[in-house]
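This report goes through one structure part by part, moving from strands to domains and then to the contact between chains. Please keep the sequence and the 3D view open while reading.

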Amino acid sequence: MNVPARLFSSLFWAAFLLPIISGVVLTLLPAFGWLPVLNQQQLGWHIWQQLFIQPSFWAASGLTWWSGWLATLASLFIAALLLQYGFAQQRFALLSRWLSAMLAVPHAAYALGLFALLAATGWPARIWALGSGEQLPPQIALTQDPYGLSLALTLALREVPFLLLMALAAFRTLNLAPLLRQARLLGYGEPQAFWPVVVPQLLPVLRWPIMVVLAYNLGVVDVALITGPSLPPTLAVMVHQWFVDPDLTMRLVAAAGGIWLTLMIMLACALWWGIEKLIIAICMTRQWPRQTFGFAWLAKLSSILLLTAWLLGAAWLLFWAFARRWRFPDLWPEQWQLRSWLRTSSDWWPALVDTLVVGVASATLALVLVIGLLEGVGQLKRWQRPLLFVPLILPQVGFLFFVPGMLARIGIGYGYGAAITLHLLFVLPYSYLLLERAYLSLNLQYEQHALLLSKSRWRALWRVKWPLLAPAFASVFAVGFSVSVAQYLATLYASAGRIETITTLTVSAAGGGDRRLIAVFALLQWLLPFLVFLVMAWVSHWRSRWQRA
Amino acid sequence: MKNWIAAAGLATATLAGAQWQETLDAAKGQTVYFNAWGGSPLINEYIDWVGEQVEAQYDIELVHVKVGDIADSISRLLSEKATGAQGSIDLMWINGENFANAKANDLLHGPWAEEVPHYSLLDLQNKATLTIDFSVPTDGYELPWGMAQLVFQYDSEFVSEPPTSMAQLLAFAEANPGRVSYPQPPNFYGTTFLKQVAYETLADTSVLQQPASQVDTEQVLAPVWQYLDALHPHLWRGGEAFPANAPQMKQMLNDGELLLSLSFNPNDAQTAVNNGELPESVRSYIHQGGTIGNTHFVAIPFNAQSEAGAQVVANFLISPQAQARKADTQYWGDPTVLNVADLDAATKQAFNNIEVGPAALTSEELSATLLEPHASWVEVLESQWAERYLVR
C-alpha cells in the first residue's frame, strides 16, 4: 500500500469510526446508570428495569417490529414483481426513467405528499364528499391508524425505488439480462426464469441494501411522527420523546431505549439472513408456471400506484404551497396566494444555502474519499463491510445524541464542520455501495490497456477510467446529496439548531400545523434533490455525447 | 428623613444604572442565540423585528434558533454540561415544567431577571403567575415575556352553541361523535386540557396547588379518569388516536374534521382568520368557571456565551414598545405582562388602540383565570394518562 492509499483509508475510517465509537460509548454509559451531570453514578441494570415498565413499552416494541417488517417485505415484494414483470426489459420505461428522481424525495416530504391519497381530507375523500353532498370529512383512519398500516405503506412505497435501483445495478454486474433472454428463447416463461434463476443470485448481492432498508424502517422517527400511530407510537418515536422529556432523568431511559432499538434492528438483520436463505430455497424448489397473470396484474397496479403517489403527492404540496384558503371538500384552493413563499423567504432562502453547502460538501467529500479508497486499497474486505453499515443500522435517535458535544469538545464546534461530519456518516455508506457497483461492472481491461498506452497511472485514470465512470460519479454525487438533504436529527444535533436546512424547517413547521407553510418547505425539500438529479443526469448525458464526438 | 430615603433610593438607582450601563457596554457587538419555538411565522416575524431593533439600539446581533420543542434545547444544555462543551444557547423561551427541571438541575444562569430596568414595569400586583411559574418561584432565573390563557375555538357555521364546561363538552361529544378531541399528552396543550378537566371535576381543587407527592394521587385524580373514560369513546377516532398539538387541531378545525379547537392565546383565532388559516366564522370562548392561565418567560442558560447581550435583549422584550407590538393581533396578539395603567399616556394609547376582532376574546370576556397546578402534577397527570390510555 502506498502513502496516499494509506492516507485515504485512514481518513475514511477516521471520518467514520470516531463519531460512531464515541456515540455508542456515550449512549451505553447512561443506559447503565452513568450520567454524572444528573448525579447518576450508580452502574447497574436499574435503568433497564425502568425501561421495561414504561407504559406500552412492549406494545410499542411489537408495533415497531410489525410495521418495520411489513414495510420491508412489502417493498421487496413490489420490487420483485416489477423486476419479474420486466423492469429489466424496459417494460416500465416511464417508471424506470423517474426512478432516481423518486429516490431523491426525502422521506418526510414523501409522507406529507402521500396525505393527498390517505388523509381524511385527501383527494379521494374530497371526491367522495362532493359526490355524497357531505360537508365534513369522513371519519376513516387511513393515516395514523393503530396498526401502523399507513406507516408501513408509506415506507414501502418510498423504499421500492431504492431497492429497484440497487437490483438493476446488480442486474448489470451479474450480467443477468442475457440469461433472461436465453431463457425466453428456450421457451421458459418469465416467472420460470426469474424466481428460480435470478432471485437466488440477486438476493445475496442485495443483502446489505435490504438490511439498510429494514433498519431504516424499524428506526425511523420523522415519518413515524407524521403518519404513524400514536397510541402507542413506534419505539423510535417513544425514545425520541424520552430524549426531550422535561424530566431530565428520562434521558437515561431514552439511552437504554436506543440500545434496545439497536438490538431489535440487529436481531432483524440476523433474521433476514435466515429468511434470505429460506426464500432462495423456496424459489429453487418450487415449480413455477409459465405465466402468472395475478403477478403481472399486481405489477402493473403497483407501478401505477408508485407513479400516482409520487405525482399526486407533488401536486398536493404544490396546491397547498400556493393556497390561501382551501377548505374541505373543495378539490382545489378557493383563494391563491404567493404570501406563504414571500413571508417565509427569510427562512427558506438561508436554509437553501445551508442545505446546498452541507449537501455539496458532504457529497463531494464522500465521493473523494470513496474514489481514493477504491483506487488505493480496492474493495473493502469482508469483515470491513459490516462496519460501513453501522451508521445506517444504528438508530439515530440513540447514538447521535451525545456526539455533537464531543465534536465541539475537540474543536469542530457547532455549524458547518459538525454538520458535514455527521452527514458524512450517512452519505459515505451509500456512496461506497453505489460506486463499488460501478467499479465492479467496469471492464478492467480498459484500465490495463490505458495503463499500457499512457504509461502513467494518473493519465490512465484521468483520460480513460474516470471519464468512463463519470456518469457513475454524477449519480453517486446526486444520491449523496439527497441523503444529506434528508438528514434531520444529524443536522439538528450537530449545529445546535444554528444551521437550518430545508428538512429541519419542514419538521419544525410541521409542529406549527399551518399546512400551507409545511407545503412550501416540503416542496422545496422535494425539489432540491430532484434538481440536483436533473443536473447530474444532464452532466453525464452531455459528457457521454462529448466523448462520442 | 424623607429626603434621606429618597437620596438613598436615588443612590441605589444610580448604582443600578451604572451596573446596567456596564451590561450595555458588554453587550455591544455580541451575538445572542435565542432558542425559541419556531412553528409560527407570525411569532418568527415578530422575533425578526426584535432582532432589527436590538441591532439598531444596542448593536446586538440576535439569531433566532427555531426549535420544535424547547425540551430539545434543554437536552442540548445537558449534553453540553456532560461533555464540558462550549455553550450554544444564550437565551431561551421557556416556562412550566421545563423551567422547573432546568432550574432544579442547575442549567440556568441567575438570578438576574429582577435587575433589568424594565422589571419595574411588570404587573406583579395583579398577575401572580409572573413570579410563580407552575407553583415554582422564579427567583429571578427567568423574566416574564407574555401571558397565556386556555381558550377554545369553534366554527359558528357548524356549531351554534359551544359547550362551556366539561360536562357540556361530554354531551356535545356524544351528540357529535368523532368531531371532538384534544392533543395527546405529554404535548403541553394536552396536559393543560387534563389540568382543566381536573379543575372542573375535583370536589376540592386546592389540592392541586400542593406538591402531588403529599397526597394519594390515584384517589385524588379518580374523577378525572372517570370523566375521560366517559368522553374517549365519543372522540375523534374513538379516542384511539389524538392530534399531536394545538396547531394541528387548528388545521383540523379548518378542514371540518374537528368542530372544536383550543389555544393558549386568546387572540390566536383572530390572527388565524386574518391570514386565511381559519374561516371568518370561527369564534373563541372559555369555560364558565374560568380556564387555566399562565405566563411564558425567557431564561439564560448556565453556559451562555453572551450573557450581557441576552439580558439586554430580555429587557427589550418587556419594553413598552416591544410589548405593545406583541399584543397587536396584526403582529402576534400575545397579551402583555406589563401594568398598562401605569404606563405613560402615549404607550397606554398604543395598547388601547389595538383592535381585537370578532374571533378573539377581550380581557373582560376572559374573566376568571385558574392558576396552574403545582409543577409536580404535570408528571403525575401525564404518567397516569399514559398508563390508562397508551396501553391498548
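In which sense do E1(B) and E3(B) pair, and over how many bridges? In this predicted model, E1(B) and E3(B) pair in the parallel sense, over two bridges.

## Strand E3 of chain B and its neighbours

Within the pairing of E1(B) with E3(B), B:Phe34 stands opposite B:Leu91 of E3(B). E3(B) is also joined to strand E10 of chain B, residues 291-299, by three bridges, and these two strands run antiparallel. In that second pairing, B:Ile94 has B:Phe297 of E10(B) as its bridge partner.

Strand E3 of chain B, residues 91-94, is covered on both faces, since B:Leu91 and B:Trp93 on one side and B:Met92 and B:Ile94 on the other are all buried. In a regular strand, side chains alternate between the two faces of the sheet.

## The nonpolar core

The largest nonpolar core has 295 residues, and those with the most contacts inside it include A:Ala79, A:Leu317 and A:Phe521 as well as B:Val298 and B:Val313. Helix H8 of chain A, residues 149-173, supplies the largest share of this core, with 16 residues. In soluble globular proteins, nonpolar side chains tend to be buried together.

Leaving aside residues up to four places away in sequence, B:Val313 touches B:Val32, B:Phe34, B:Val54, B:Ile60, B:Leu62 and B:Leu91. Two of these names, B:Phe34 and B:Leu91, have already appeared as residues that stand opposite each other.

## A three-stranded sheet in chain B

Chain B also has an open sheet of three strands in the order E8-E7-E9, with antiparallel pairing. Strand E8 (260-263) and strand E9 (282-285) of chain B stand at the edges and have a single partner strand each, so one side of each is left without a neighbour in the sheet. Averaged over the sheet and with direction ignored, neighbouring strands are turned by 30° against each other.

Strand E7 of chain B, residues 151-155, is joined to E9(B) by four bridges, in the antiparallel sense; B:Phe152 has B:Tyr285 of E9(B) as its bridge partner. H9(B) lies across E7 and E8 of chain B and runs at about 150° to E8(B).

## The two domains of chain B

Chain B is divided into domain 1, which takes in 2-145 and 296-361, and domain 2, which takes in 151-293 and 369-390. Taken over C-alpha atoms, the centres of domain 1 of chain B and domain 2 of chain B are separated by 29 Å.

Where these domains meet, 19 residues of domain 1 of chain B are in contact with 21 residues of domain 2 of chain B. H4(B) gives the most to the domain 1 side of this contact, with three residues, and that side of domain 1 of chain B divides into 10 nonpolar, seven polar and two charged residues.

## The two domains of chain A

In chain A, domain 1 covers 1-26 and 338-549, while domain 2 covers 45-335; their centres, taken over C-alpha atoms, are separated by 23 Å. The contact takes 39 residues from domain 1 of chain A and 38 residues from domain 2 of chain A. Among the elements that give two or more residues to the domain 1 side are helix H18 (385-393), H21, helix H23 (457-486) and helix H26 (515-548) of chain A. H26(A) gives the most to that side, with 12 residues, and by class the side has 26 nonpolar, nine polar and four charged residues.

Helix H21 of chain A, residues 416-441, holds A:Ala418. Why does A:Ala418 count as buried? A residue is buried if 20 or more other C-beta atoms lie within 10 Å of its own, and A:Ala418 is buried because 25 other C-beta atoms lie within 10 Å. A:Ala418 and A:Thr491 are 73 residues apart in sequence and 8.6 Å apart in space, C-alpha to C-alpha.

## Where chain B meets chain A

Between the chains, 57 residues of chain B are in contact with 54 residues of chain A. The elements of chain B that give two or more residues to its side include strand E1 (31-37), helix H2 (41-58), strand E2 (61-67), helix H4 (96-104) and helix H9 (246-255). The largest share, 10 residues, comes from H3(B). The side of chain B that touches chain A divides into 17 nonpolar, 22 polar and 18 charged residues.

Methods. Residues numbered from 1 in each chain as written. Chains lettered and ligands numbered in written order. Predicted model: local features only at pLDDT ≥ 70, side-chain atom pairs only at ≥ 80, totals over all residues. Contact = placed C-beta atoms within 7 Å. Nonpolar A, V, L, I, M, F, W, Y, C, P; charged D, E, K, R; others polar. Core = buried A, V, L, I, M, F, W, Y, C linked by C-beta atoms within 7 Å. Buried ≥ 20, exposed ≤ 12 C-beta atoms within 10 Å, placed from the backbone. Pairing = 2+ DSSP bridges. Axes fitted to C-alpha atoms, helices over the stretch in contact; angles between N-to-C directions. Domains from an automatic or database assignment.
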